[in-house]
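Please load the model in a viewer and display it as a cartoon. The stops below proceed from the whole chain to individual residues.

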Amino acid sequence: MPLYAGSRGDFFSVNKTNGALTLIGNTGMTTTSFNNFGYNSDTNVLYGMNTNTDSLYVVDRSTGAFSLVGPMTGTSNPHGLAYNFE
């Protein structure tokens, strides 16, 4: 599984050997917010959260585009996302 990163609205693949970033595309999110990623290995889906919108998205790994799943409730300004595969 590749490693991914986001910065200022852009979506990158990360070279796990040397840390080099390769631009894949733009998420469509504002450049002033944080994007957090979590991968669900059971469904092969990469999710993203955005701190500006407080919403959950599915990430298209070939383009970087975010597709809205829905708003987060009970929290604001999330700064992390993880998947528990137990």
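Begin with the complete chain of this predicted model, coloured by secondary structure: seven strands and zero helices appear. Along the sequence the pattern reads β-β-β-β-β-β-β. The radius of gyration is 12 Å, close to the 12 Å given by the globule rule for 86 residues, so the protein is as compact as a globular protein of that length. The C-alpha trace spans about 40 × 35 × 20 Å along its principal axes. If the view is switched to a surface, note that buried residues account for 31% of the 86 residues. Of the contacts between residues at least 6 apart in sequence, 31% join residues at least 24 apart.

Next, select residues 3-7 (strand E1) and 21-26 (strand E3), together with residues 10-14 (strand E2). These three strands form an open sheet with the order E1-E2-E3 and antiparallel pairing. Strands E1 and E3 stand at the edges with a single partner strand each, so one side of each has no neighbour in the sheet. On average, neighbouring strands here are turned by 30° against each other, direction ignored.

Keep E2 and E3 in view; five bridges join this antiparallel pair. Selecting Phe11 leads to its bridge partner in E3, Gly25, while Ser13 leads to Thr22. The hairpin of E2 and E3 has six residues between the strands, and Gly19 within this hairpin takes a positive phi near 80°.

Now move to Thr27, in the loop between E3 and strand E4 (35-40). Is this residue, Thr27, buried or exposed? With a relative accessible area of 3%, Thr27 falls under the 20% limit and is therefore buried. A polar atom of the Thr27 side chain lies 3.1 Å from the backbone nitrogen of Met29. Show the surroundings of Thr27 as sticks: leaving aside neighbours within four places in sequence, its contacts are Gly9, Asp10, Phe11, Asn35, Gly64, Ala65 and Phe66.

From Thr27, step to Phe66. Its contacts, again without neighbours within four places in sequence, include Met29, Phe37, Tyr57 and Val59, as well as Thr27 itself.

Finally, which residues form the largest nonpolar core? Select Tyr4, Phe11, Met29, Phe37, Leu46, Tyr57, Val59 and Phe66, the eight residues of that core. In soluble globular proteins, nonpolar side chains tend to be buried together. Two core members, Phe11 and Phe66, were already encountered as contacts of Thr27.

Technical notes
Residues are numbered from 1 along each chain as its sequence is written. This is a predicted model: local features need pLDDT of at least 70, side-chain atom pairs count only at pLDDT 80 or more; totals for chains, interfaces and linings use all residues. Side-chain values use heavy atoms; hydrogens and water are left out. Two strands pair if DSSP finds at least two bridges between them. Helices (H or I, at least four residues) and strands (E, at least two) are DSSP runs, numbered from the N terminus. Axes are lines fitted to C-alpha atoms, for helices over the stretch in contact, and angles run from 0 to 180 degrees between N-to-C directions. Buried means under 20% relative accessible area, exposed over 50%, partly exposed in between (1.4 Å probe, protein chains only). A polar contact is a pair of N or O atoms within 3.5 Å; within protein, one must be able to donate a hydrogen and the other to accept it, and residues adjacent in sequence count only if both atoms are side-chain atoms. Contact means heavy atoms within 4.5 Å. A nonpolar core is a set of buried Ala, Val, Leu, Ile, Met, Phe, Trp, Tyr and Cys residues joined through side-chain atoms within 4.5 Å. The radius of gyration is taken over C-alpha atoms; the globule rule is 2.2 Å times the number of residues to the power 0.38.
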